[in-house]
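Take a look at the chain below. We will walk through it piece by piece, from a single residue to sheets and cavities.

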Amino acid sequence: MPRFLTARGMRHATALMLVVAAFTTQLHAQEAVTARTPATPLVAHDPYFSIWSLTDDVTSQSTRHWTGSEQQMSGWLRVDGKNLRFMGGGRGDVMKQISRSIWPTRTIYEYEGGGVRLTATFFTPALPHDLDVLSRPVTYLSWSVRSTDARRHDVQLYFDASAQLAVDNDQQSVVWGSSRVGDMNVMRIGTNTQEVLKKVGDNLRIDWGWAQLAVPQQPGAATATIGERDRDVFLKDGSFPSAEDIAMPRLAHQNRPLMAVRFDFGQVGKAEQSRKAMLAYDDIDSIEYFKRRLPAYWRRNGMTMADLLVTAEREEAALRQKAEAFDKELTADLERVGGRHYAELAVLAYRQTLAAHKLVADIDGKPLYFSKENFSNGCIATVDITYPTSPFFLLLNPALLEAQLKPIMDYSAMPRWRFPFAPHDIGTYPQANGQVYGGGEQSEDDQMPVEETGNMLIMIAAMSKIQGNTDFATKYWSQLSRWAQYLREKGLDPDNQLSTDDFAGHLAHNANLSIKAISALDAYAELARLTGKADVAAEYRALAQQMAGKWMEMAKDGDHTKLAFDRPGTWSQKYNLVWDKILGRGLFPKDLLQSELAFYLNKQQAFGLPLDSRKTYTKLDWIVWTATLSDDRRQFDALIDPLYHYMTATPTRVPLGDWFETTDGAQVGFQARAVVGGVYVKMLDSPEIWKKWAGKSAKAGG
């Protein structure tokens with residue numbers, strides 16, 4: 001600063017610097033994720049309709065389902081007679097991909113070649129406060145071209161989506177057809193057997209319902225369902241097949257059927273020209289819930305797929321405007337709360353979290369929301385998937401968390417669930433017909449009693465806090481009381497039983513699991529207070545405080561706490577402490593959090609903090625929960641930065657994994673799971689941010 005500035009001038013200069021810094025931060029916070037990521041979401045709706053690019057350059061290989069199976073979408077731009085591929089594997093030269101941007105609801109690619117620039121956008125209006133829109137299985141595709149060299153160019157664009165979108169494997173037989181819907185040509189393709197909701201399991205793709213490509217009327221548009229060999233007609237001279245392929249049914253790999261569209265832009269100059277389409281999936285019925293077939297939520301009032309496509313086309317412009325504003329506001333708040341690296345991690349997790357769930361309507365039209373335990377065991381409505389995911393929904397729409405908890409509570413109230421603790425799951429996706437994990441409904445073998453019971457009580461208490469009422473808890477009070485009694489007897493020093501972190505084997509006397517039980521009992525106490533049960537509230541609050549004091553004595557091991565009470569010289573992340581902090585309960589002293597964090601920082605590896613002292617692998621969600629224990633931004637960043645390094649440098653190219661090695665960033669297991677939504681826990685640690693976002697959904701009636 002110049003020496004001749006007066007004190008008043010220095011104050012003005014400082015104020016100006018602060019304004020400039022704030023403005024610069026605001027601009028930066030409204031940037032998309034452009035860093036290298038393990039995978040890029042393109043069409044991400046639910047566990048079946050979920051297509052990704054697993055490479056840095058989307059022309060390097062075919063697009064794929066999150067499981068890794070090929071689900072091909074391909075595209076070429078023909079410029080002055082030269083074919084330039086911009087999507088998927090295949091013949092010909094490729095356009096140069098100059099950028100790729102990820103927002104919560106959009107993925108945008110930019111390419112250059114032949115003197116033109118192409119912008120390709122995948123837009124999924126995944127707005128959490130609007131359940132009707134959120135449940136629509138529609139992604140908007142758009143392409144814009146313009147000249148970059150002051151010359152005019154003859155341009156045609158070709159895009160197709162293959163039969164692979166509608167089969168589990170290429171050996172299945174498919175049929176197809178087309179129709180006129182409003183001003184759109186709509187192509188559809190699916191299996192000729194249509195065994196709706198018959199298959200259950202993990203590494204499966206949908207093989208019922210209809211993949212659809214809807215193309216509104218536009219200049220130069222031509223559509224047809226063709227065989228893969230017929231694509232060569234376009235690649236040869238830019239023309240389009242004059243007739244549809246009618247050789248059906250046939251196996252999906254035989255001259256692979258493609259839903260194709262060709263746009264002839266004519267002469268393209270510096271003025272941008274755009275074309276659009278919609279990729280959709282009609283799954284007919286979505287979930288089997290105790291032998292009842294439930295439709296997707298958007299169908300609950302009798303809407304047909306044709307109605308949906310017409311509505312989606314009519315609302316596109318308005319939805320784009322809303323989504324762009326949503327993207328910018330959420331990204332800015334993420335960065336304000338946790339910094340740029342944290343924000344980018346959370347943005348990448350956004351669509352993945354939603355796409356691991358399916359929103360359906362119960363027989364009364366109310367929403368039910370089911371998770372799939374992706375690349376783990378395929379369970380549906382798994383409680384220890386919902387627990388780590390819950391911060392995402394507590395922030396963005398608590399009604400969606402309630403829609404996940406309701407099936408579990410209703411199941412646990414049935415006579416068939418005869419145990420004094422909460423269930424683990426209610427089936428294997430997409431059939432929610434009763435627990436399949438461990439001993440199922442038959443025995444307590446390999447159950448997760450303390451884990452799941454604690455999870456449920458904590459989530460219901462957090463949900464009641466942000467919703468401002470205890471209606472849900474009151475409805476199920478007898479079950480909550482039974483579970484609280486179980487934790488009172490078993491929670492302080494858990495037996496040798498499964499927990500969510502049992503990767504290195506079962507563990508008795510688990511100190512982190514004990515924290516969960518204690519916090520859950522305190523959550524029950526708060527629910528009792530809020531429902532006017534003063535005596536119960538006082539009793540369980542005192543009990544939780546007493547147990548927390550005992551925990552401090554049992555877990556202490558010098559400058560840190562133990563992995564298990566009977567194992568000195570061990571340690572583990574005590575991420576379950578986060579709810580005591582977020583809910584402001586004060587069971588555990590702040591100096592415990594500070595000493596644990598200081599200890600953890602000395603245990604970090606290049607790609608993150610190990611889960612515990614037994615192995616060098618870790619869990620992405622739990623690290624963010626652990627980092628949220630800190631009120632020191634530098635300390636928080638020190639724990640988050642290695643996760644950003646993992647996101648941008650892991651050698652494993654799959655949708656964001658949550659279980660990986662801290663030494664080299666390689667996947668250990670799991671991918672595309674909902675639990676990455678747990679990174680949103682940091683947002684809950686800011687009361688004004690939590691109220692702001694949860695309030696948006698309340699105002700919208702979502």
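**A walk through the model**

L235 counts as buried, because its relative accessibility is 9% and the cut-off for buried is under 20%. Keep in mind that this is a predicted model. Where does L235 sit? Its place is in helix α3, which covers residues 231-237. Which residues does L235 touch, apart from its neighbours within four places in sequence? The contacts are W76, R78, N83 and R91. Now compare L235 with L54. These two are 181 residues apart in sequence. In space, their C-alpha atoms are 25 Å apart.

Next, find an open sheet of 3 strands. Its order is β1-β2-β3, and the pairing is antiparallel. Which strands stand at the edges? They are β1 (40-44) and β3 (64-65). Each has a single partner strand, so one side of each is left without a neighbour in the sheet.

Follow the pairing strand by strand. β1 and β2 (residues 50-53) run antiparallel and are joined by 4 bridges. One pair to look for is T40, which stands opposite S53 in β2. A hairpin of 5 residues links β1 to β2. On to the next pair. β2 and β3 are also antiparallel, with 2 bridges between them. Here W52 has R64 in β3 as its bridge partner.

Are the faces of β2 covered or open? Both are covered. On one side, S50 and W52 are buried. On the other, I51 and S53 are buried. A helix also meets this sheet. α5 packs on the sheet and touches β1 and β2. The direction of α5 makes about 35° with that of β1.

Now move along the chain to another pair of strands. β21 (residues 357-361) and β22 (residues 367-371) pair in the antiparallel sense, and 5 bridges hold the pairing. L359 stands opposite Y369 in β22. The two strands form a hairpin, with 5 residues between them. Look at G365 in the turn: its phi is positive, at about 85°. How many of the residues of β22 are buried? The count is 4 of 5, so the strand is mostly covered.

Strand β21 leads us to the empty spaces inside the model. Rolling a probe the size of a water molecule over the atoms shows where empty space is left. How many cavities of 30 Å³ or more does a search of the whole structure find? It finds 4. The largest holds about 180 Å³ of space. There are 17 residues lining this largest cavity, and those closest to its centre are H45, D46, L134, S135 and H357. Three elements give two or more residues to the lining: α2 (131-134), α5 (340-355) and β21. The largest share comes from β21, with 3 residues. What kinds of residue line the largest cavity? They divide into 9 nonpolar, 4 polar and 4 charged.

Turn to the second largest cavity. Its volume is about 120 Å³. Its lining has 17 residues, and the closest to its centre are S499, D501, N510, N512 and Y575. Which helix gives the most to this lining? Helix α11 (residues 511-530) does, with 3 residues. By class, the lining of the second largest cavity has 5 nonpolar, 7 polar and 5 charged residues.

One more sheet remains on this tour. It is an open sheet of 3 strands in the order β26-β27-β28, with antiparallel pairing. Its edge strands are β26 (617-619) and β28 (667-669), and each pairs on one side only. From one strand to the next, the twist averages 35°. Start with β26. This strand and β27 (residues 659-661) are antiparallel and share 3 bridges. Which residue in β27 is the bridge partner of Y617? The partner is E661. Last, find helix α15 (residues 620-627). α15 lies across β26 and β27. Its direction is at about 70° to β26.

Notes
Residues numbered from 1 in each chain as written. Predicted model: local features only at pLDDT ≥ 70, side-chain atom pairs only at ≥ 80, totals over all residues. Heavy atoms only, no water. Pairing = 2+ DSSP bridges. Axes fitted to C-alpha atoms, helices over the stretch in contact; angles between N-to-C directions. Contact = heavy atoms within 4.5 Å. Buried < 20%, exposed > 50% of the residue type's maximum accessible area, 1.4 Å probe, protein only. 1 Å grid on protein atoms, 1.4 Å probe; cavity = no way out; pocket = protein on both sides within 12 Å on 5 of 7 lines; lining within 4 Å. Points joined across faces, edges and corners; volume = space filled by probe spheres on them. Nonpolar A, V, L, I, M, F, W, Y, C, P; charged D, E, K, R; others polar.
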